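Please look over the chain and its ligands below. The text after them is a walk through the metal sites and their surroundings.

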Amino acid sequence: MASAKRDKKKKKYFKLRKHRIWLPIIMFFVISVMIFFIMLLLMTVFAEASVQSKLTSEYSHIMAVTSVYNTENGQQAALDLMEKENWTYILRDKNGKVLASRGDDTCGEKESLLYMEYNDPDDDEDTVKVVKVPTYTDTERSFLSADSDGDIELEYMKLLRNMAENDELKKALSSDKDNEKSLGQAIETIKIPIWLSVPTDGDSTLIVKVNVMAQMTDIAAMLVAILAMIIVMAIVMIIIFIHAVSNALYQSKVKKLFFNDISTDGRSWMWFLFNAEHILRKRKWAKTRFAVVDLTFINYRSFCLCHSIEEGDRVLTAIHQMIAKSLGRNEICARNSEGTFDLLLIEDSAQQAEQRIKELILQLEHTDEAHRFAFHAGIYMVEPVENTSGLFPRRKNVDIEEYHNNASNARSALDGREDSGVSLFDSKFMEDQRWRDTVQEQQQKALDNEEFVVYYQPKYDPRTEELRGAEALIRWQSPEFGFVTPYRFIPIFEKNGFITEIDHYMISHVARDQKRWLDQGYKCVPVSVNVSRAHFIESDLAEQIRDLVDSEGAPHSCIEIELTESAFFDDKKAMINTIMKLKAYGFSVSMDDFGSGYSSLNSLKDMPLDVLKLDAEFFRGEAADTERGEIVVSEAIRLAKSLNMKTVAEGVEVREQVDFLAQQECDMIQGYYFAKPMPHDEYEQRMKQ
Ligand code: C2E
Ligand code: MG
Ligand code: MG
């Protein structure tokens, strides 16, 4: 689920990263080319239409002559007529052989000639085309034609047939030509030579050169039309271009915002994610070790509080510049959040990376002359991946967020330290973290299901070896994890505050057991219950304990409260107050693990305690049996006695120690020599004995 979410996030990053600056530009060119061709087409159609309209009258003349030619004995008359009218023409038979011609300008020799073919009016397909012919040879007969309206043509035919029989035709044709000439003189014209072809009845083809007289006004109109089209095209192209450019600029602005860090003017975390992944995935770096470093300026918040956020940003910028300066090629850094920077370094080993970061921190500590800063860094090494053939393929599964998380976990081991430090990630970090999370998830359920059980460790009189007391010690019988020792979960509960629930639970269970044993007629001895330091914040702790014991109906005298030594560092006044109250309610109070800290003597001075528990460290290791060790223990016992306190020696495992403690008049021994912590039933048996 989480990885799917991460993949989605990644896709989003990549989409943003690969923003398409080219797309609008390509679109711009495609649209431009399309517009160009559309305009070219429009212009061609326009030109053809104008030429065609000009050709219609010329075509009628040729039709008239062809009609004459088609009449019986009309061939010579038609040729004479064309001779007279000074027409340039060719008459060909169906094989292309020239039957007659006039003028040196023939359509067979010219390039770019427009050739027009007349379709038989009887033919249904009345379409006529105008096409450019590059060359015209006898074999390649590419005929071209202009549209003709069947009706008009028929009228002409009729008229011309009549005219062919009399001399009027000459007049009609010449007057037409004269009119054209006079018109041509009046208006400035341009001649456009075009060849028109009309088939005659006798399988021959009459091809006549006509000059289309294009008037300047027509050309001007055409030029205006072309100009208008060019302007429209230019405007459209400019609009598209402006849009494309502004879009590209906008995108690059967004990208800059996204990938730049405003506070340091450096790179953002998002940028780091992309680029670190990019570097790590490269084939050329497949064999290289990288260090992902999570570096925190731990005084950032307090600095901003004392000064201002602007001042904080100024320091961050200076820190960023110093880090950036220390980077080599292909090494990157970016600010992650607040005072945290992430670095990707090329380092041969974790030790080298550690050394390098230590040196960097030494410089960073003096970023500001007036202040001394501290930095915590966590390092996670990204190792090359070797396959079974001993090769190093390109890293495929790169997860920068996970690497960063590992580095940051390594760094969190330094939490609470006020001086600078560097911590390397190892897999134990991850395991611990996972375990912490699991315990936190399960704690309430475990409590509700009574998975926590009370073990009792008896305390014996070293001289008489009689049972004189016991300590209640918690165990977790987890259906999932099995038997779990308190060292694995008590520190977690102490941190997250759940320890208060546990302490209540233990006091209630011990009081309940004691009450039942008393009711069953056992000679009960006091059982001590550990009360954690975290609990002492509550001012009504004594009342809480009293109420819990009372609700089980056990006498207060059979419960002893053990305070761990660290608890004495807190508010001394409140502590003394609670101890006094507990004693007033009839509970005895002991100091646990005496001697494991360094102000225990001082605490003894002020605390009106009943029992002193000598820490197991006194009886562990080689030093335990030396003369010096014995002097310390015997003096501690003497001190306790003179303060009216009983003594319990913890962690005693051997007979010699028992004898020595008996000699020193130690009141009780709690250790494996006599008994290990045991379940309720076993302890019951001990009581019977
Ligand atoms: P502690 O209160 O000092 O308990 C004594 C620890 O020393 C116990 O470990 C006990 O099993 C162990 N021990 C006793 N005799 C010997 C010995 O001869 N040799 C050795 N090697 N060990 C011996 P345990 O039960 O694992 O408890 C560890 C610590 O966890 C306790 O230290 C105490 O600080 C805490 N703890 C245990 N139960 C509770 C509880 O119910 N509430 C609170 N707040 N803390 C608890
Ligand atoms: Mg204890
Ligand atoms: Mg202890």
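What follows goes from the chain as a whole to the two metal sites, and then to the pocket and two backbone angles.

This is a predicted model. The chain holds 20 helices and 21 strands. It has 689 residues, and 45% of them count as buried. Among contacts with a separation of 6 or more, 67% are between residues 24 or more positions apart. The accessible surface of the chain is about 37,700 Å², and carbon and sulfur atoms account for 54% of that area.

Start with the magnesium ion (ligand 2). Glu471 (OE), Asn530 (OD1), Glu562 (OE) and Asp592 (OD) coordinate this ion, at 2.1 to 2.3 Å. Along the chain these donors follow the spacing E-x58-N-x31-E-x29-D. Asn530 is in strand β15 (residues 527-531) and Asp592 is in strand β17 (residues 588-594), so this pair ties together parts that are 62 residues apart in sequence. The two residues can also be described by their accessibility. Asn530 counts as partly exposed because its relative accessibility is 22%, and partly exposed covers the range between the 20% and 50% cut-offs. Asp592 has a relative accessibility of 5% and counts as buried.

The second site is that of the magnesium ion (ligand 3). Its donors come from Asp592 (OD), Asp593 (OD) and Glu650, the last of which is listed with OE twice, at 2.1 to 2.5 Å. The donor residues of the magnesium ion (ligand 3) have the sequence spacing D-D-x56-E. Asp593 lies in strand β17 and Glu650 in strand β19 (residues 646-650), so that pair ties together parts that are 57 residues apart in sequence. Glu650 is buried, at 11% relative accessible area, whereas Asp593 is partly exposed, at 23%.

How far apart are the magnesium ion (ligand 2) and the magnesium ion (ligand 3), and which residue coordinates both? The distance between the two ions is 3.7 Å, and Asp592 coordinates both of them. Asp592 is thus the bridge between the two sites.

Next, the surrounding pocket. The largest pocket has a volume of about 990 Å³. Its lining is made up of 34 residues, and those nearest the centre are Glu471, Leu473, Pro486, Tyr487 and Glu650. Two or more lining residues come from each of the elements β13 (467-478), α13 (490-496), α14 (499-519), β15 and β17. With five residues, β13 gives the most to this lining. Sorted by class, the lining of the largest pocket contains 16 nonpolar, eight polar and 10 charged residues. Metal donors recur here: Glu471 coordinates the magnesium ion (ligand 2), Glu650 coordinates the magnesium ion (ligand 3), and both are among the residues nearest the centre of the largest pocket.

Two backbone angles remain. Asp593, a donor to the magnesium ion (ligand 3), has a positive phi of about 50 degrees although it is not a glycine. Its place is in strand β17. Asn644 is not a glycine either, and has a positive phi of about 65 degrees. Asn644 sits in the loop between α18 (627-642) and β19. With a relative accessible area of 73%, Asn644 is exposed.

Terms used:
Residues numbered from 1 in each chain as written. Chains lettered and ligands numbered in written order. Predicted model: local features only at pLDDT ≥ 70, side-chain atom pairs only at ≥ 80, totals over all residues. Heavy atoms only, no water. Donors = N, O, S within 2.8 Å, 3.2 Å for Na, K, Ca; no water. Helix = DSSP H or I, 4+ residues; strand = E, 2+ residues; numbered from the N terminus. Buried < 20%, exposed > 50% of the residue type's maximum accessible area, 1.4 Å probe, protein only. 1 Å grid on protein atoms, 1.4 Å probe; cavity = no way out; pocket = protein on both sides within 12 Å on 5 of 7 lines; lining within 4 Å. Points joined across faces, edges and corners; volume = space filled by probe spheres on them. Nonpolar A, V, L, I, M, F, W, Y, C, P; charged D, E, K, R; others polar. Contact = heavy atoms within 4.5 Å. Areas by Shrake-Rupley, 256 points an atom, 1.4 Å probe, with all protein chains shown as cover.
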